[in-house]
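Subject: Structure for your review

Hello,

Here is the structure I said I would pass on. Please open it before reading the notes underneath.

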Protein chains: 2
Amino acid sequence: MKNFVFENPTKVIFGQGQVSRMGAEVKKHAQRVLMVYGGGSIKNNGVYDQVTGVLREHGITWVELAGVRPNPRIDSVREGVALCRENHLDMVLAVGGGSVVDCAKVIAAGVNYDKDPWDFFEGKAKIREALPVGVVLTLAATGSEMNVNAVISNDTTKEKKGIASNFLLPKFAVLDPTYTYTVPPFQTAAGIADIMSHVFEQYFSANHDAYLQDRMCEAVLKTCIYYGPVACSQPENYEARANLMWASTIGLNGILSVGKLTDWATHMIEHEVSALYDVTHGAGLAILTPHWMEYVLDEPALPKFAHYAHNVWGITGDNEKETALAGIERTRKFFQSLGLPTRLRDVGVEEPSLELMAERAVAGGTLGRFKKLGKEDVLEILRRAF
Amino acid sequence: MKNFVFENPTKVIFGQGQVSRMGAEVKKHAQRVLMVYGGGSIKNNGVYDQVTGVLREHGITWVELAGVRPNPRIDSVREGVALCRENHLDMVLAVGGGSVVDCAKVIAAGVNYDKDPWDFFEGKAKIREALPVGVVLTLAATGSEMNVNAVISNDTTKEKKGIASNFLLPKFAVLDPTYTYTVPPFQTAAGIADIMSHVFEQYFSANHDAYLQDRMCEAVLKTCIYYGPVACSQPENYEARANLMWASTIGLNGILSVGKLTDWATHMIEHEVSALYDVTHGAGLAILTPHWMEYVLDEPALPKFAHYAHNVWGITGDNEKETALAGIERTRKFFQSLGLPTRLRDVGVEEPSLELMAERAVAGGTLGRFKKLGKEDVLEILRRAF
């Protein structure tokens, strides 16, 4: 196990009706907040009314930034930064899924930075402070509600990039599973693929001595597999929505990756796909993951994949390779059964772009640590997934 | 899943050599600390020299409270409180196992409380503040390094009682697996039984809808089962010591119990045993646990025990009861294989005391939530375990 430091003080407030506790949490930090949300679904399902009701009740005033899109844009960040400055706001409250949360985080970091917030993503500036961020989550997927990461897209440069900073860690996250009841099956499925992909990136690590973390990874994967079909077919099943929501948080709050040399190649490849084609992140991951698995499956990786097949899917057998391949096939079939696409061509990707994606994916060096991938490797995975 | 709030800001600094980071952590809070430790093993294995070396290097002065015993006594707490006051110390640094950590926590809470710290345990006073606590852990067992709990014994009243307060949460915990290399096999085994018992108390919950938490519980149990024999036979196996140390922390830092109606009956019974006979906590738990399991195993509990047997021990079979019983038997045999005792009579307990133990155990009402136990139930479990 590698040496590590783990510290995650985000206060998780979980369960039906817990939004009522949000007012007191906000007031620890601010009287005036920027409320960030997406396409307006929170106005249809009652979440907007509940959140603003609590704010009003606690005498907290707010300004709104609406319309944050999936694969959130740096333009929305800029807009949010301007609103915070103009209105002297001192907290950013994200009400939405991971895109809204990521956008809110970078707005918070940008308010007291005097240049353009895209600088953070280009390595031109380091985040040195941020307004406090609060979260009311409406989608189980990214884990952004309890971590230091944010991913933002840039329409001008056609890039999608991630950053990490302790300053971005939310102060609190309200996780009410009923807020995900209205998430349609496809988005629910994409969220599940995203959670599972986060776990794969941590599970398939370059070191093999973090046994406890591997078993915990399997716990999250089994939860997704058990409740995924339930949530897609019975959207108001509380038990399923609750377990998936908590799985999304555990999946990427740092507890699974401690002591590990994690991979993240699949995510880096997917970022290039959705940077060019605005593909739903989880759908892109569902397409790429089985191909990544098959591509990296060779001698030293076999036992780990066989463990995966056995521990997660219950596949038994004497032949390690057959077991491993059967586990990968079950993974592919599982995503398919949730209604997720299986080919890049089906989500609008055009073949001539694969080369550019591969090139960009390795612009910063080889990808992954479970198996290091160069441009030709990435291109081959993209081709197989096309 | 029940509604919950999870917040645990303890900074875990994990791995070989990480004590070097301790100085900076202490200095965030204090220049003058009370260093609390136990019977002196840290002077033999080099930990004392490393810790004091780091303190000296950072210009931190310290006063020592040595000799804290397993099942730490309120007298040690009183002594520590007096030392803090006399010497105007502003942090308590625990260097040891769970007993030392618990003692340090209650000292921290007692310094600014103007009456006797035993009041906290009798419900006469609530903890309203505490000095910051830091931990350098030398035994994988209690999880106290990352939680809000403390258990203290009182020689005068022959009681052993627990308290919980957010003020007791350590600011940081240095977890260096090599610091457990010199823990003898019996203490190592007792620590493993303690970790597993913590998990059982959370796993066998009154509600059955916290699927993810149950799978995470199984992850910790499997880790104990996998590495327990290794650590006992190869005390300097880093991988085993590291996984067990992290298992102890994960086992009781709150992450397994969220959303659950946990049990804790076995712990409450064991507290009465070791209050009267000063039994090693983990050994007492190893004796009592299989008997508790058999006693509560009836119709509604069967599926959970069958899951336990299957998921943790890999036992398969069509008959749920046989599977469940086989799982319990494996648990008993596992503890035995680690050299732990199987009968209360073997650890000095006298039969006439069982009645008093049972009476005291239920003094505050029935025990447990997985199955509620009255005095006769507890007495029967104690008799079977005798």
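The notes below go through the sheet, the chain contact, the domains, a hairpin and a helix pair.

Please keep in mind that this is a predicted model.

The sheet

An open sheet is formed by 12 strands, and its pairing is mixed. The order is S3(A)-S2(A)-S4(A)-S5(A)-S8(A)-S1(A)-S1(B)-S8(B)-S5(B)-S4(B)-S2(B)-S3(B). Its edge strands are S3 (61–65) of chain A and S3 (61–65) of chain B, each of which pairs on one side only. From one strand to the next, the twist averages 25°.

Within chain A, strand S5 (residues 133–137) and strand S8 (residues 172–175) pair in the parallel sense, over four bridges. A:Gly134 has A:Phe172 in S8(A) as its bridge partner. On the chain B side, helix H4 (residues 74–87) of chain B packs on the sheet and touches strand S2 (32–37) and S3 of that chain. The direction of this helix makes about 155° with that of S3(B).

Where the chains meet

S1(A) pairs with strand S1 (residues 4–14) of chain B in the antiparallel sense, over seven bridges. In that pairing, A:Phe14 stands opposite B:Phe4 in S1(B).

Counted by residue, 33 residues of chain A are in contact with 32 residues of chain B. On the side of chain A that touches chain B, strand S1 (4–14), helix H8 (211–233) and helix H9 (238–251) of chain A each supply at least two residues. That side of chain A has 20 nonpolar, seven polar and six charged residues.

Domains of chain A

The domain assignment splits chain A into domain 1 (11–179) and domain 2 (185–385). Taken over C-alpha atoms, the centres of domain 1 and domain 2 of chain A are separated by 26 Å. In chain A, 19 residues of domain 1 are in contact with 26 residues of domain 2. S1 and S7 of chain A each supply at least two residues of the domain 1 side that touches domain 2. By class, the residues of that side of domain 1 are nine nonpolar, six polar and four charged.

The hairpin

S7(A) also belongs to a hairpin. Strand S6 (residues 149–154) and strand S7 (residues 159–164) of chain A pair in the antiparallel sense over six bridges. A:Ala150 stands opposite A:Ile163 in S7(A). Four residues lie between the strands of this hairpin, and A:Lys158 takes a positive phi near 55°.

The helix pair

How do the axes of helix H4 (residues 74–87) and helix H5 (residues 98–110) of chain A cross? They come within 8 Å and cross at roughly 50°. H4(A) is therefore oblique to H5(A). The crossing of H4(A) and H5(A) is right-handed.

H4(A) contributes A:Ser76, A:Val77, A:Gly80, A:Val81 and A:Cys84 to the contact, and H5(A) contributes A:Cys103, A:Val106, A:Ile107 and A:Gly110. Sorted by class, the contact of H4(A) with H5(A) has six nonpolar residues, three polar residues and no charged residues.

If you look at one place, start at the pairing of S1(A) with S1(B), which is antiparallel over seven bridges. In the strand order of the sheet, S1(A) is followed by S1(B), with S8(A) and S8(B) on either side of that pair.

Regards

Notes: Residues numbered from 1 in each chain as written. Chains lettered and ligands numbered in written order. Predicted model: local features only at pLDDT ≥ 70, side-chain atom pairs only at ≥ 80, totals over all residues. Pairing = 2+ DSSP bridges. Contact = placed C-beta atoms within 7 Å. Nonpolar A, V, L, I, M, F, W, Y, C, P; charged D, E, K, R; others polar. Axes fitted to C-alpha atoms, helices over the stretch in contact; angles between N-to-C directions. Parallel < 35°, antiparallel > 145°, perpendicular 65-115°, else oblique. Left-handed = near helix turned anticlockwise from the far one by under 90°. Domains from an automatic or database assignment.
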